[in-house]
Amino acid sequence: MFSFTVAAVVFGVVFLAELPDKTALAGLMLGTRYRASYVFAGVAAAFAVHVALAIAAGSVLSLLPHRLVQAVVGVLFLAGAAVLLFKKDEDEDEVKKPADQSFWKVSGAGFMMILVAEFGDLTQIMTANLAARYDDPVSVGVGAVLALWAVAGLGILGGRTLMKYVPLKLITKVAAAVMVLLAGFSLYEAIVG
């Protein structure tokens, strides 16, 4: 059964964690060079693949004993918060421009860039953790995909404007705080049962 609450929580956590990541910057860069709809199509498809892989991993985790899973999920959320707070900003590599502006070339470039750059990324691991925590793959998947698509869309269409009004450090700190709260809930459930 679909849970709007779970989807909303997942959306919020994944959105905040992905916003300061390279995806928004990559989307902004591609969006300034190519037709936004073409870029978004490729990026959206890549994120759907990433979420499907994360949900599958989270579903496997849900087969383990509940207390053990909650302890592992709590520790992983803490690790994710630490990564957000202590990671160094990396310079983005220059993306090679496709030879033409066709849909397949542009969307393919966006798909491949996100598929490679985001594999094993924090939000993919976080999505697997959330799938294990809530044992609701559809709600978690919908929330995660919509969050990733929203970040990509913001990056493609309005990344520069958002970053003018909302400091990246603030976004990162809010995402880390939410992850610490989720870690606390998970660890509490692991201890109390």
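**Exercise 1. Helix H6 in its surroundings**

Work out whether H6 is enclosed or open in this predicted model, using the burial of its 13 residues.

*Solution.*
Step 1. Set the cut-off: a residue is buried when its relative accessible area is under 20%.
Step 2. Go through the helix. The buried residues of H6 include Leu 122, Thr 123, Gln 124, Met 126 and Thr 127. Ala 128, Asn 129, Leu 130, Ala 131, Ala 132 and Arg 133 are buried too.
Step 3. Conclude. Eleven of the 13 residues of H6 are buried, so the helix is largely enclosed by the rest of the structure.
Step 4. Set this beside the whole chain. There, buried residues make up 44% of the 193 residues.

**Exercise 2. The span of H6**

Check the distance between the end C-alpha atoms of H6 against the span expected at 1.5 Å a residue.

*Solution.*
Step 1. Take the limits: H6 covers residues 122–134, which is 13 residues.
Step 2. Find the expected span. The rule is 1.5 Å times one less than the number of residues. For H6 this gives 18 Å.
Step 3. Compare. The end C-alpha atoms are 18 Å apart, which agrees.

**Exercise 3. Thr 123**

Decide whether Thr 123 is buried or exposed, and find what it is in contact with beyond four places in sequence.

*Solution.*
Step 1. Place the residue: Thr 123 is in helix H6.
Step 2. Read its relative accessible area, which is 4%. Buried means under 20%, so Thr 123 is buried.
Step 3. List the contacts. Thr 123 touches Val 14, Ala 17, Glu 18, Glu 118 and Leu 148, with neighbours within four places left aside.

**Exercise 4. The residue after H6**

Find what is notable about the phi angle of Asp 135, and classify its exposure.

*Solution.*
Step 1. Locate Asp 135. The residue lies in the loop between H6 and H7.
Step 2. Read phi. The angle is near 50°, a positive value in a residue other than glycine.
Step 3. Classify. The relative accessibility of Asp 135 is 52%. Exposed means over 50%, so Asp 135 counts as exposed.

**Exercise 5. Two neighbours in H7**

Compare the exposure of Gly 141 with that of Val 142.

*Solution.*
Step 1. Place both. Gly 141 is in helix H7, and Val 142 lies in H7 as well.
Step 2. Take Gly 141. Its relative accessible area is 11%, so it is buried.
Step 3. See what Gly 141 meets. Beyond four places in sequence, it is in contact with Val 51 and Ile 55. Val 51 is 90 residues away in sequence, yet the C-alpha atoms are 6.2 Å apart.
Step 4. Take Val 142. Its value is 32%, so it is partly exposed.
Step 5. Follow Val 142 to the surface. Together with Phe 2, Phe 4, Val 138 and Leu 146, it forms a nonpolar patch of about 470 Å² accessible area. Helix H7 gives the most to this patch, with three residues.

**Exercise 6. The whole chain and its confidence**

Describe the fold in numbers, then say where the model should not be read in detail.

*Solution.*
Step 1. Count elements: eight helices and zero strands.
Step 2. Look at range. Among contacts between residues at least 6 apart in sequence, 94% join residues at least 24 apart.
Step 3. Check confidence. The mean pLDDT is 79, and 79% of residues reach 70 or more. Among the elements, helix H1 has the highest mean (91) and helix H2 the lowest (69).
Step 4. Find the weak stretch. Over residues 90–96, pLDDT stays under 50. Where pLDDT is low, the predicted coordinates should not be read in detail.

Definitions and conventions. Residues are numbered from 1 along each chain as its sequence is written. This is a predicted model: local features need pLDDT of at least 70, side-chain atom pairs count only at pLDDT 80 or more; totals for chains, interfaces and linings use all residues. Side-chain values use heavy atoms; hydrogens and water are left out. Helices (H or I, at least four residues) and strands (E, at least two) are DSSP runs, numbered from the N terminus. Buried means under 20% relative accessible area, exposed over 50%, partly exposed in between (1.4 Å probe, protein chains only). Contact means heavy atoms within 4.5 Å. Patches are made of residues with over 30% relative accessible area and no salt bridge: like charges are joined within 9 Å, nonpolar side chains (Val, Leu, Ile, Met, Phe, Trp, Tyr) within 5 Å. Accessible areas come from the Shrake-Rupley method with a 1.4 Å probe; for residues, only the protein chains shown count as cover. A salt bridge is a side-chain nitrogen of Lys or Arg within 4 Å of a carboxyl oxygen of Asp or Glu. pLDDT is the predictor's confidence in each residue, from 0 to 100.
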